[in-house]
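Trainee: I've got a new structure open and I'm not sure how to read it. Could you walk me through a few features?

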Amino acid sequence: MASRFSRFRFAAAATVSFSAGVLFASGMDWTKISFAQGGTTSRSASVRGGPMAPEGSSFADIAERVTPGVVAVNTTRSARPRPQVRGRAPQGMDDFLEQFGPQQPRQQRGEGSGFIVTQDGYIVTNNHVVADADQVSITLTDGRTFKAKVIGTDSTTDVAVVKIDAKGLPTLAIGNDETTRIGDWVLAVGNPLGLDFTVTAGIISAKGRGSEIQLPNSGNFTISDFIQTDAAINPGNSGGPLINLRGEVIGLNSAIASQTGFYSGYGFAIPITLVKAVTDDLIKEGRVRLPVMGVSVGSIDPEDAGINGLARVAGVKVRGFTPADGGPAKGAGIEVGDVIITVDGKPVDRVGSLQRVVRSRRVGDLVPVEVMRFGTKKSFKVKLVEAEMISRVATLPETGPKAVPAAGKLGITVEAVPAEISARLKLEGRGVRVADVTEDGPARDKLAPGSDIVLEVLYPTPRRTVKSVTDFQGVLSGLKDGDYVSLLVQNMDPRVGQRVVNIRVGG
């Protein structure tokens, strides 16, 4: 029996168009993620931080040292009409989001945390804590309260910098999250549930969390590379520091995974190396110049690894370019279907690691990129350019009359693309539409019947454009069990767009 579209899972739809050109794609079965938000240095100086704790310090020693550098952030916003959330928010988030609804007819109030990075008052917090706030106030551990100015925000990393008019403030030491290991002890400091300057302890549970989670309001170019911890994080912790046993900040607490909106063992922090890079830009220029390669990418699966001769399922698959008709990566010679394995000499095993490497460079840098192209390693140099925020308007897939010839070796049937759909998608005569996918066939869960259109066969080489059902059947006729086929596929839903699908004949 043919598989239903509702059962189709876009493995490659966890795709992003970020600073290496990546975007958080919509996906099925996302983890339910909530923001953990509750209701003499010159402007051009980079963030350095204060002294670290001595080796062998106890939790109490570290807490005593770092807590004075943590602040409470309170915001007010004029009440604005907003879309109805109930019914569209992830399960368990309705009640949580309602906490930030209007508390009185004219104002909305919010709470969060932050930490001091310079003695003259620069403070790091989350973008979602202060975004669109009319007023921001900062409260220190000694009880003093200051009005704060928002210096800059970056929605792609959820980092913001605010400033208060003060001198001689205690600062926190900045650590290196790249040297931390899963299982290391950490402390989370912040203001959860209105309980100011609370310290909780836990371990690093995982690193490099990315496509498994999706933050509210994430969009084009959103960077997803989180440290996971079981230190208790609750609404109000957003913007507070995650601290290692040396008393150094290794992350910016930002989100929780929960069915209730409160702590259930899974918290997420933005790595401090990324936070520091963004913070330096915001303090120096008031904005972030986001470097991109101009590619749209996704994670790889065992078939992608097999067709490219990779021993491990590690790498990032190129599924398109931004803009679609050009960009620096395409100009350098990278092609759709390539699997990126290193950038700037650093291994790339997932989308998050690609994002991190590219974000650590500057606009205008020329970076070496290595890819696997159907078993052959190729090297390129890509000049990074500044990202352009591109919005895409979604339209619903259309259906048309079916006349379905067979493409049995993949367990699918295909048909000609209806003329109105071809015109709307500007296919210019290319492609065949997937009409059906068998339950036990090799293409199960890889192709979506009724909405996927096969544009090209990338492998076996040479690369060929598919213009008719006969073209497609001709390519498949030479395949035998165990062979791989690589297809460039366009989905009729613009939110999904193009992707590369690799299938092993015979399953």
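Mentor: Happy to. Keep in mind that this is a predicted model. Let's start with charged side chains: the count here comes to 25 salt bridges.

Trainee: How do I read one of those? Say, how far apart are the closest N and O atoms of R430 and E456?

Mentor: The general idea is to look for a side-chain nitrogen of Lys or Arg within 4 Å of a carboxyl oxygen of Asp or Glu. For R430 and E456, the closest N and O atoms are 3.7 Å apart, so the pair makes the cut. This salt bridge links distant parts of the chain: R430 sits in the loop between α8 (419-424) and β26 (432-437), while E456 belongs to strand β27 (residues 452-459), 26 residues apart.

Trainee: Is E456 buried or exposed?

Mentor: Buried means under 20% relative accessible area. E456 comes in at 11%, so E456 is buried. R430, with 24%, is partly exposed.

Trainee: Which other side chain meets E456 in a salt bridge?

Mentor: That would be R463, at 2.6 Å from N to O. R463 counts as partly exposed because its relative accessibility is 36%. Zoom out a little and you'll find a network of salt bridges linking E335, D338, R373, R430, E456 and R463.

Trainee: And what does D452 pair with?

Mentor: D452 forms a salt bridge with R499, at 2.5 Å from N to O. Again, distant parts of the chain are linked: D452 is in strand β27 and R499 in strand β30 (residues 498-504), 47 residues apart. Both D452 and R499 are buried.

Trainee: Let's do strands. How should I think about pairing?

Mentor: Strands of a sheet pair through backbone hydrogen bonds, either parallel or antiparallel. Here, a closed barrel of six strands runs β3-β4-β5-β8-β7-β6, with antiparallel pairing. On average, neighbouring strands of this sheet are turned by 40 degrees against each other, direction ignored.

Trainee: How many bridges join β3 to β6?

Mentor: Five, between β3 (residues 70-78) and β6 (residues 135-139), which run antiparallel. To find your place there, look for T76, which stands opposite Q135 in β6.

Trainee: Which helix lies across β4, β5, β7 and β8?

Mentor: That's α4 (residues 272-285), running at about 50 degrees to β8.

Trainee: Why is strand β19 described as largely enclosed?

Mentor: Check its residues one by one. Five of the five residues of β19 (residues 339-343) are buried, so the rest of the structure largely encloses this strand. Now look at its partners. β18 (residues 316-321) pairs with β19 in the antiparallel sense over two bridges, with K317 opposite V339. β21 (residues 366-373) also runs antiparallel to β19, joined by four bridges, and there V343 has V369 as its bridge partner.

Trainee: What is the bridge partner of V343 in β20?

Mentor: K346. β20 (residues 346-347) and β19 pair over two bridges, in the antiparallel sense. Their hairpin has two residues between the strands, and D344 takes a positive phi near 55 degrees in it.

Trainee: Last one: which residues make the nonpolar surface patch of about 280 Å²?

Mentor: F59, W185 and L245. To place F59, go to helix α1 (residues 59-66). With a relative accessibility of 34%, F59 counts as partly exposed.

Conventions
Residues are numbered from 1 along each chain as its sequence is written. This is a predicted model: local features need pLDDT of at least 70, side-chain atom pairs count only at pLDDT 80 or more; totals for chains, interfaces and linings use all residues. Side-chain values use heavy atoms; hydrogens and water are left out. Patches are made of residues with over 30% relative accessible area and no salt bridge: like charges are joined within 9 Å, nonpolar side chains (Val, Leu, Ile, Met, Phe, Trp, Tyr) within 5 Å. Accessible areas come from the Shrake-Rupley method with a 1.4 Å probe; for residues, only the protein chains shown count as cover. Buried means under 20% relative accessible area, exposed over 50%, partly exposed in between (1.4 Å probe, protein chains only). Two strands pair if DSSP finds at least two bridges between them. Axes are lines fitted to C-alpha atoms, for helices over the stretch in contact, and angles run from 0 to 180 degrees between N-to-C directions. Contact means heavy atoms within 4.5 Å.
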